[in-house]
Every structure is written in C-alpha cells, then in structure tokens.
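Work through the exercises below with the sequence and the model at hand. Each task is followed by a solution in steps.

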Amino acid sequence: MSAGAAPRILLVGAGAVGQVYGRHLQLGGAEVSFLVRPQYAATVRRGFDLFPLRKRGRRDAVRFQDFTVLTETAAVAAQRWDAVLLCVPSPALHQGSWLAELCAASGDASIVTLQPGLTDHARVCAVAGAERVVAGMIGLMAYTAPLPGEAGEAGAGPGTAYWFPPLGKCPFSGAPARVRPLVALLRAGGFPAACARDVPAQLAFGVALLDPHMVALEVAGFSLRGLRADRALLARAAAASREATMITAAFRGVRAPRLRGALERAGVRVLLAMLPRLAPLDVEGFFRAHYTKVAGQTRALLATYRAEAAARGLPTPALTALSAALEARS
Ligand SMILES: NC(=O)c1ccc[n+]([C@@H]2O[C@H](COP(=O)([O-])OP(=O)(O)OC[C@H]3O[C@@H](n4cnc5c(N)ncnc54)[C@H](OP(=O)(O)O)[C@@H]3O)[C@@H](O)[C@H]2O)c1
C-alpha cells in the first residue's frame with residue numbers, strides 16, 4: 001500500500017460480507033469504495049446500519065457510510081487502488097468477463113479472493129496473475145437482520161448483523177508485501193485478521209469437511225435437531241466429506257491431511273450442537289437464510305466436486321446421493 005496516503009480499497013459486492021469488511025477497513029483508516037450492480041447503487045449510497053453482535057441482549061446499531069459507490073469498470077480504471085476485495089458468491093467469479101476487466105482496470109492492486117469453491121482461487125490467479133492474488137477465509141456470520149421470527153427485543157435489525165466467533169480468525173495468505181498491510185489495516189479496524197501460510201489449502205480442506213454437512217442440514221430442512229436425529233443422513237454427510245477431501249487432495253496434488261478423519265467429522269457434529277448455545281443469534285435461522293441465499297453456490301460447489309472427481313476417475317457415491325437428496329428437496 002502506498003506510504004503516507006490512506007489505503008484505497010475497492011469492494012466488489014455490497015452484500016453481508018462486503019459491508020462487514022468495508023466497515024472494518026474504513027475503521028482501520030482506508031478510503032473505501034464499492035463496485036455494485038447499477039440497480040443497487042441508490043440503496044448502497046444511503047449507507048448501512050450494521051449490528052456487530054457481541055453477546056445476547058446487546059443490539060446497538062452502528063452507521064457505515066462515507067464511501068464511494070461505483071457501477072462501471074471504467075470508473076475503476078480512472079482511480080488508483082491498493083486492494084480489490086471480491087465479496088461476491090463463488091459462481092460469479094466464473095461468469096462473464098467482468099473479473100478480467102476489473103483486474104485490467106485496477107492496475108497493480110492486490111486482488112483478494114474470499115470464495116469457498118474448489119477452483120475459485122485458481123480461477124482468480126489465472127485471470128489476475130498469481131502474484132497479485134491474496135486469499136482470505138471468512139470466519140464470521142453476517143446476515144440481513146432481523147431473521148424471520150427474531151424481530152423485537154431479541155433480534156438485531158433492520159440492517160446487517162454479524163458475529164465473529166470467539167477465538168476465530170479471518171486468515172489471509174499471498175505475497176507478504178500484499179498480505180501484511182491488508183491484515184494490519186483490518187486489525188487496526190478491530191477485525192480479527194491474521195497472516196497465514198496457505199489459505200487456499202486451509203479453505204479447500206475446511207470446505208470439504210464442512211460443506212457436505214451444510215448440504216445435509218439443508219436436506220434436513222435446516223433443523224439441527226432433525227439432522228442430529230437422522231443417523232443415515234449424517235453418515236452420508238460424513239462419507240461425502242471424505243470424498244470431497246480426497247477430491248480436494250487430488251485437485252491440489254497433495255496428500256489429504258492426516259488429521260482429517262473420523263475425529264474431525266465428529267468435531268463438526270459437536271460444533272453444530274454447540275453453536276446455538278455459543279452464538280448470540282438464531283443459528284438455525286441464520287443457516288436457513290444464508291444457505292437459501294447462496295443456494296446456487298451450494299449446488300455449484302457440489303457439481304465442481306463431481307466434475308473434478310470424474311476427470312480423475314474418483315468415486316463419488318455419497319456426494320451423488322447427497323446432491324440427489326438436495327435436488328429432491330428443491
Ligand atoms: N454471510 C456470511 O456470513 C458468510 C460467511 C462465510 C462465507 N461467506 C461467503 O461470502 C460470499 C458472499 O456472501 P454474502 O453473504 O456477502 O452474499 P450476499 O449478501 O448475497 O452479497 C453478495 C453481493 O454480491 C453481488 N454480486 C454478485 N456478482 C456481482 C458482480 N459481478 N459485481 C457486483 N456485485 C455482484 C450480489 O448481487 P446479486 O444478489 O444481485 O447477485 C450481492 O449483492 C459467498 O461466497 C458466501 O458463501 C459468507
């Protein structure tokens with residue numbers, strides 16, 4: 001980032017994640033801009049009410065405004081940027097030519113990818129050039145509040161509520177000269193960012209572990225109790241998670257991490273049981289709202305696992321069965 005001047009950060013997409021990263025970057029001292037679809041520009045220009053959730057009962061809104069809103073790549077090219085954060089769902093990275101145009105328009109700015117898809121990091125590297133790319137992992141829950149049934153005293157909103165799980169970090173990796181200033185800026189803004197060695201691997205194996213369980217939760221009608229009670233569905237999620245891990249290892253040309261196994265999958269089940277007690281929000285309601293919103297992304301992630309497995313002759317009976325169960329629900 002340029003010495004002296006305030007870092008200039010462009011966030012693509014002003015949804016839940018874009019708003020939270022944008023607010024903390026601004027708090028850290030950055031000049032923040034959003035690139036949004038034209039139909040959202042007027043709403044985004046009005047600014048946001050955000051609800052950082054700390055513990056149950058406290059629901060104070062903070063105002064997030066004083067940023068610039070762009071709707072055209074040509075306007076991006078007219079300015080200097082230190083970093084561009086891609087805060088869009090995974091399928092958007094693979095659609096159209098906007099990403100290539102954006103990378104060309106943003107000079108030498110770091111391109112920060114946060115998406116969970118197996119091929120997303122490689123896609124952004126192919127378009128932007130690997131040297132420019134910083135990978136980040138989103139360790140927070142952010143949503144449009146109030147969630148249905150959460151209105152009134154117990155719920156945050158109207159606005160965007162978000163929660164950082166205690167002890168959790170949002171890691172970034174890439175060229176140190178790009179990662180360190182970004183992490184420092186976010187940390188200065190009260191965001192739990194951290195430098196890490198290899199976020200793409202961490203994220204890919206984390207998603208392989210977690211995502212099949214989230215698909216199973218969707219199949220169970222977003223009922224945590226229903227999922228816990230359905231041993232066959234849980235077993236299928238665990239088997240799908242093993243398959244996704246093997247596909248991820250093959251895709252990345254590495255061995256599957258040794259710890260990945262029954263212990264970790266049991267850990268996911270414990271986490272799903274504990275989360276509603278730890279989180280100051282309606283966790284089931286969050287999962288329902290979030291995974292309904294990103295339904296296209298969930299299906300794209302499953303399709304990518306199956307396509308990458310097919311290309312390598314790897315079996316996917318559990319992922320196929322889970323996909324079929326998801327489609328049967330839709
Ligand atoms: N929210 C969370 O708690 C959370 C946690 C972990 C990970 N994530 C991940 O973070 C990503 C973003 O999630 P989110 O919750 O912020 O989703 P979101 O609220 O739907 O925000 C994404 C925004 O990006 C916009 N967009 C899509 N393509 C665009 C493009 N080419 N140019 C400009 N804007 C574009 C979308 O508009 P349209 O809706 O019109 O397409 C939408 O407004 C997803 O991959 C999600 O899985 C989110």
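**Exercise 1. The shell around the ligand**

Task: Sort the residues of the shell around the ligand into nonpolar, polar and charged, then find which elements and domains supply them.

Solution. Step 1: the classes are fixed as follows: Ala, Val, Leu, Ile, Met, Phe, Trp, Tyr, Cys and Pro are nonpolar, Asp, Glu, Lys and Arg are charged, and the others, Gly among them, are polar. By that scheme the shell has 17 nonpolar, 7 polar and 2 charged residues.

Step 2: a residue is near the ligand if its C-beta atom, placed from the backbone, lies within 6 Å of it. There are 26 residues around the ligand, and Gly13, Gly15, Ala16, Val17 and Ala92 come nearest.

Step 3: elements are DSSP runs numbered from the N terminus, helices (H or I) of at least four residues and strands (E) of at least two. Helix H1 (16-27), helix H4 (90-93), strand E9 (141-145) and helix H12 (283-293) each give at least two residues to the shell. The largest share, 3 residues, belongs to H1.

Step 4: domain 1 (8-197) and domain 2 (201-329) each contribute at least three residues to the shell; the domain bounds come from an automatic or database assignment.

Before going on, note that this is a predicted model, in which local features need pLDDT of at least 70, side-chain atom pairs count only at pLDDT 80 or more, and totals for chains, interfaces and linings use all residues. Residues are numbered from 1 along each chain as its sequence is written.

**Exercise 2. The two domains**

Task: Describe how domain 1 and domain 2 meet.

Solution. Step 1: the centres of the two domains, taken over C-alpha atoms, are 24 Å apart.

Step 2: with contact meaning C-beta atoms, placed from the backbone, within 7 Å, 23 residues of domain 1 touch 22 residues of domain 2.

Step 3: on the domain 1 side, H4, E9 and strand E10 (159-163) are the elements that give two or more residues. That side is made up of 15 nonpolar, 4 polar and 4 charged residues.

**Exercise 3. Two helices**

Task: Why does the length of helix H10 (residues 231-252) agree with expectation? Then examine H11.

Solution. Step 1: the expected span is 1.5 Å times one less than the number of residues. The 22 residues of H10 should therefore span 32 Å, and the end C-alpha atoms are 31 Å apart. Just after H10, Gly253 has a positive phi of about 70°.

Step 2: H11 (residues 262-278) has 17 residues and reaches 24 Å, close to the 24 Å expected.

Step 3: H11 bends by about 30° at Leu272, with Pro276 following within four residues. The bend is the angle between axes fitted to the seven residues ending at a residue and the seven starting there.

Step 4: pLDDT is the predictor's confidence in each residue, from 0 to 100. H11 has the lowest mean among the elements of the chain, 83, while the chain as a whole averages 94.

**Exercise 4. Backbone exceptions**

Task: Which bonds to Pro146 and Pro158 are cis?

Solution. Step 1: most residues other than glycine have a negative phi, and most peptide bonds are trans.

Step 2: the Ala145 to Pro146 bond is cis, with omega about 0°, and the Gly157 to Pro158 bond is cis, with omega near 5°. Pro146 lies in the loop between E9 and E10, and Pro158 is placed in the loop between E9 and E10.
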